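User: Could you take a close look at one part of this structure for me, and then connect it with the rest in a single walk-through? I would like to follow it with the model open in front of me.

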Amino acid sequence: MAKKLGFFLCTGCGIGEALDAAALTKVAAKEYKVPVCKEHGYLCSAEGVELIKTEIEAQGVDGFVIAACSNRVNGDVFKFPGVFVDRVNLREQVIWVHEADDEDTQMLAEDQIRMGLEKIKAGEAPAPYVGENLSKTVLVVGGGLAGMTAALEAAKAGYPAVLVEKEAALGGWLNKVYKTTPMAAPFAVPEDPNVAGRIAEIEANSNIKVYTGAVIEKIAGGPGMFDAEINQGGNIVAERVGAIILATGSKPNDVNLDYLGYGKYPNVITHAEFEAKAKAGQIGAQKVAFIQCAGSRDAERLAYCSAACCVETLKQTIILKELAPEAMSYVFYKDIRSSGQYEHFYKAAQETGAVFIKGDITGISEAGGKLIVESEDILLGGNAKVEDIDLVVLANGMIPTNKATEAIVAAEGDAAGEAAATQEAAEKILNLQYRQGPELPNLKYGFPDSHFICFPYETRRTGIYACGSVRAPMDMAKAVGDATGAALKAIQCVEVTAGGAAVHPRSGDLSYPEFALQRCTQCKRCTEECPFGAINEDAKGNPLPNPTRCRRCGTCMGACPERIISFKNYSVAMIGNMVKAVEVPEEDEEKPRILILACENDAMPALDMAGINRLKYNSWVRILPVRCLGSLNLVWVADSMSKGFDGVLLLGCKHGDDYQCHFMKGSELAEIRLSKVSETLDRLGLESDRVRMMQINIMDYAELPKIIDKFAEDLEEYGPNPMKGF
Amino acid sequence: MANKSILVVGGGISGITAAVEAAEVGYEVFLVEKNAYLGGKVSQINEYFPKLCPPNCGLEINFQRIRKNSKIRVLTLAEVEGISGQEGNFDVTVKLNPRYTTDGCTGCGKCAEVCPVERADAFNFGLNKTKAAYLPQPFAFPMKYVIDNTACTGASCGKCAEVCEVKAVDLGMTAKTMNLNVGAVIWATGWDSYPVEKLANYGSGTVTNAISNIMMERLASLTGPTSGKIVRPSDNKEPQNIAFVQCAGSRDESHQKACSSVCCMATLKHISYVKKQYPDAKVTIYYMDIRAMGKHEDFYNKIKEYDITMIKGKPSEIKEDAETKDVIVLAENQITQEITELKYDLVVLATGMAPATAAAQVPAAVGYDVDGFVLSGSVPGIYAAGCVAKPGDVASSVQGATAAVIKAIQSTVRG
């Protein structure tokens, strides 16, 4: 397609003084024959922006380079919808970090402009992928407190909701409790679970369709176009939905509790069994011991804290006082975790006269039909022994329902194993028709959480949001809040999908990967490596992309050895051309060149910060941003080596358990790919260390100059790339 | 017909989240922040628990989301002065305080270079100085300079205006008022550290080397007053014997009755800061309960691998050794039940979260709970999110802010 390019150079902020502006414009005008080249002393001013707009319209420019400051600033003024724009950063990454009026700095600026122009030449503004028959309905799986909340909140915002519950009635865990912990201020009094009232509210809402006694048979498709089959007592109903909320909750942990006498002494019961007694109105005990962290916070059992048991036990001491005013409570605990405003609830429980003993349990025994609990006593020193106990209640923790699906997922492909695991787990939950497995991937301990700090609703399956105690251990009030937030994410996803845009973290991105399938060799790397399970496979191993599941990180593009995957504005060829556009001096000029492929989420801002702090580093570098290091295609390394670059530095995010990669696996996959390059380089007699990967976070900006300079030093030691000049 | 736009007040992590989440559904959003930059308290934090990753990383993603979304209008140095009307139709008055630089500022920094006067750097709790023309913090968004009117000597100097080649300095700028009409309001003005000055038995802020937990964040941060080196304020000495005092002014009948829910994890994280710099430093924690909820237990276990002395109980008194400036902590020995006096180089007080509305209330008839937190939805159409609604960590504030958005959307649908 015909393309008219433009080049706009800002000479403000010292760019015009530090660099030879005329020579920069000459790169665009002469070398690249860009028809529209303009310089301005203050391009981000109203006048500068007007100049760009006028030229775009008058000349029909459909792609241009702005060579000025970082794209992290002035994004609001340099906004030109529908036109493909690249920002070449001559300020933070050139003049602020390199010597002014210097040959090397000038060469750097010219190369960065060449790269920008190559990018514009190779790409175009993307048109969105909009699916057909898009649905804005939200499917909620699990009809307990979290699920009911999510369905109701979505419906109240005007979105249809489909609520699927496997039991005969809605309510989930609420059906099993006598009272709940307080849900609102002043957080001091247990509340009625009000199951009937909650169900009535759902039934009264015409936006909500409820399937009880029903499970998900399977779910195919992607956001905006999920096709769910719901099995209600053998009757299969199809529903097309736009987004899914997983709210299947958790189950009490009742295994491995024999160390506390559970199963041995009939009067050692679980938290839930106490609720059943309370519901029946009869506790039948005068002296009750509550044992916290029963089977939790224990390396051999559940290593985590279930976050709700402390407040649940506080509630039960209050209930005990209500139902049996003469009864005494003894609470054996490690820490009372009545976090935040639940402190008031702790106080309310203390006011019942409950005795709190801090220390680990050392023994539970029976004598004359009564129980004896012994423990350490950290507060008073020594040991505690409480005798004549009628009932021991174990605050046994919670296990997320998704935990049970791990065995099924692990047994994928092994029919017998899968059947056995399914038997064990009772059922699959979502049964997604995804190449990467039927369930939401778990992060740790069976909780399908992903990024749990800044973006608690980030998910590894686009459009599917977990909430409540299946996502993370939490109390009921938190589950309500979590479900309300998940409902927002679900309606956001269907709206964004309707516009063909990406959800977090590349929110609003309209580009999506396209596959030149005639050249596909069915190697399956793209389908295996996509961090979001977006790509399915046909029987022959051909990829079947689902653009609405895609998060636009480009990991598939990096994985593909045949280079058949491209975005309209980001492709293997584009980056390759950018690499090749750099002018690499001859060996005798003693000007080595280093290519930096930098993750645009953390490494690029860190490079900018080095600039803002005016930290100097070696000017042999040529910086090229990538969406995620996961999009690294090894051909770029080959391209740079054959072009004569002396080294390649890859800057990506931290991976591993505490990963910081915004696409979860991107930087890790890049490192794995790189290990293969190293072997090749060694075989070719090139030092494998010429390609170095570093994990950089945004705060490493002060270290970056040292990292770059050290790399340059090492490269000098290796001597020039022997392929230079070929 | 209800107005579909949403006003978000407070540009910390909760307000930023509410703004981007609402805008990404398709709603027009006004984000009002009183500081000159977005990010609020989290931008002052060195690392998040439990990943020990930098808050600027997540903020960067959120700033990108703001930059790319034309539906969000960010107003910094702005305060909401009045809200009238009802759900679906609120009239809001916003005061825009002068920045003394225009939107034309390119962030080049020449004004700060020539500025002859200094001011205490509020971002670092006054532990260092900036010029009167300054960038509010190194990661400031928007990346635009501000002039501190209280330190600036005005037009008689005018060096900044002279040097600014894009004429973005306007020393004559005055406050302006702006009127907005919105369908719903999300109040997310966050929290303030419970003032050490109120803790009489802990020296009311006069013990130089007893610092607050948020100050510890600045001391440990690369962008802080010491470039990240943890030293004690009185003499810049490297502390070798440090105590953390939990629940300082929290879970306390005379101060804040509630628990702030984050201080335990924050302290465990601070121990990692200290141990990273001073592996041999002695660390003691005075605590009531360690509240490492859920999977945070893993982090607690990791920190416990360091050799830490854990003392259950609250110190009765904290005072200063006048000569050495060491900090003396009086507490009960659990075994002997005697009062012990232990000396530390540095004490970190885990002061809790007081809702920001304790200092500046919502200019509408909203309700407050027993702890002073805003009752979300107590006026239909006005919702609270983040730590002004309840004390919480980043994840729960983000979750709460996301939840507040759907409530706000429902108001615009209903109203």
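Analyst: Happy to. Let's start at strand β18 of chain A, residues 370–376, which pairs with β19(A) in the antiparallel sense over five bridges. Please keep in mind throughout that this is a predicted model. Within that pairing, Val373(A) is placed opposite Val386(A) of β19(A). Stepping back a little, β18 belongs to an open sheet of three strands in chain A, ordered β17-β18-β19, with antiparallel pairing. The edges are held by β17 (361–367) and β19 (383–389) of chain A, each of which pairs on one side only. On average, neighbouring strands of this sheet are turned by 15° against each other, ignoring direction.

From here we can move out to the domains. Chain A is assigned domain 1 (1–125), domain 2 (138–251 + 401–498), domain 3 (254–396) and domain 4 (570–726). Between domain 2 and domain 3 of chain A, the centres taken over C-alpha atoms are 31 Å apart. Where these two meet, domain 2 of chain A brings 15 residues to the contact and domain 3 of chain A brings 19 residues. The side of domain 2 of chain A that touches domain 3 of chain A consists of eleven nonpolar, one polar and three charged residues.

For the chain as a whole, 20 helices and 30 strands are found in chain A. Its C-alpha atoms fill a box of roughly 100 × 60 × 55 Å along the principal axes. Of the 726 residues in chain A, 59% are buried. Among the contacts in chain A with a separation of 6 or more, 71% are between residues 24 or more positions apart.

A second strand in chain A makes a good companion to β18. All six residues of β29 (residues 647–652) of chain A are buried, so this strand is largely enclosed by the rest of the structure. If you look at its two faces, you will find Gly647(A), Leu649(A) and Leu651(A) on one side, with Val648(A), Leu650(A) and Gly652(A) on the other, and both faces are covered. β29(A) has a parallel pairing with β27 (residues 594–599) of chain A, over five bridges, and here Leu595(A) stands opposite Val648(A). β29(A) is also joined by five bridges to β30 (residues 691–695) of chain A, again running parallel. In that pairing, Leu651(A) faces Met694(A) of β30(A). Helix α19 (residues 666–683) of chain A completes the picture: together with β29(A) and β30(A), it makes a right-handed β-α-β unit.

Now to the partner chain. In the interface, 68 residues of chain A are in contact with 63 residues of chain B. On the chain A side, α6 (145–156), α10 (343–350), α13 (476–498) and α17 (603–612) each supply at least two residues. The largest share there comes from α13(A), with eleven residues. By class, the side of chain A that touches chain B has 35 nonpolar, 20 polar and 13 charged residues.

Chain B itself is divided into domain 1 (6–97 + 175–192 + 354–414), domain 2 (110–154) and domain 3 (195–351). The C-alpha centres of domain 1 and domain 3 of chain B are 31 Å apart. Twelve residues of domain 1 of chain B touch 20 residues of domain 3 of chain B. Six nonpolar, three polar and three charged residues make up the side of domain 1 of chain B that touches domain 3 of chain B.

Finally, a few backbone details are worth a visit. Most residues other than glycine have a negative phi, and most peptide bonds are trans. In chain A, the peptide bond from Ala185(A) to Pro186(A) is cis, with omega near 5°, and Pro186(A) sits in the loop between β6 (161–164) and α7 (195–204) of chain A. In chain B, Phe141(B) and Pro142(B) are joined by a cis peptide bond with omega about 0°; Pro142(B) is in the loop between β8 (133–134) and β9 (146–147) of chain B.

Tyr100(B), though not a glycine, has a positive phi of about 70°. Tyr100(B) lies in the loop between β5 (89–96) and α3 (110–114) of chain B, and it counts as buried because 26 other C-beta atoms lie within 10 Å. Arg251(B), also not a glycine, has a positive phi of about 45°. You will find Arg251(B) in the loop between β14 (241–248) and α6 (263–277) of chain B, where it is buried, with 22 other C-beta atoms within 10 Å.

Conventions. Residues numbered from 1 in each chain as written. Chains lettered and ligands numbered in written order. Predicted model: local features only at pLDDT ≥ 70, side-chain atom pairs only at ≥ 80, totals over all residues. Domains from an automatic or database assignment. Contact = placed C-beta atoms within 7 Å. Nonpolar A, V, L, I, M, F, W, Y, C, P; charged D, E, K, R; others polar. Pairing = 2+ DSSP bridges. Helix = DSSP H or I, 4+ residues; strand = E, 2+ residues; numbered from the N terminus. Axes fitted to C-alpha atoms, helices over the stretch in contact; angles between N-to-C directions. Buried ≥ 20, exposed ≤ 12 C-beta atoms within 10 Å, placed from the backbone. Right-handed = clockwise from strand over helix to strand, strands pointing away.
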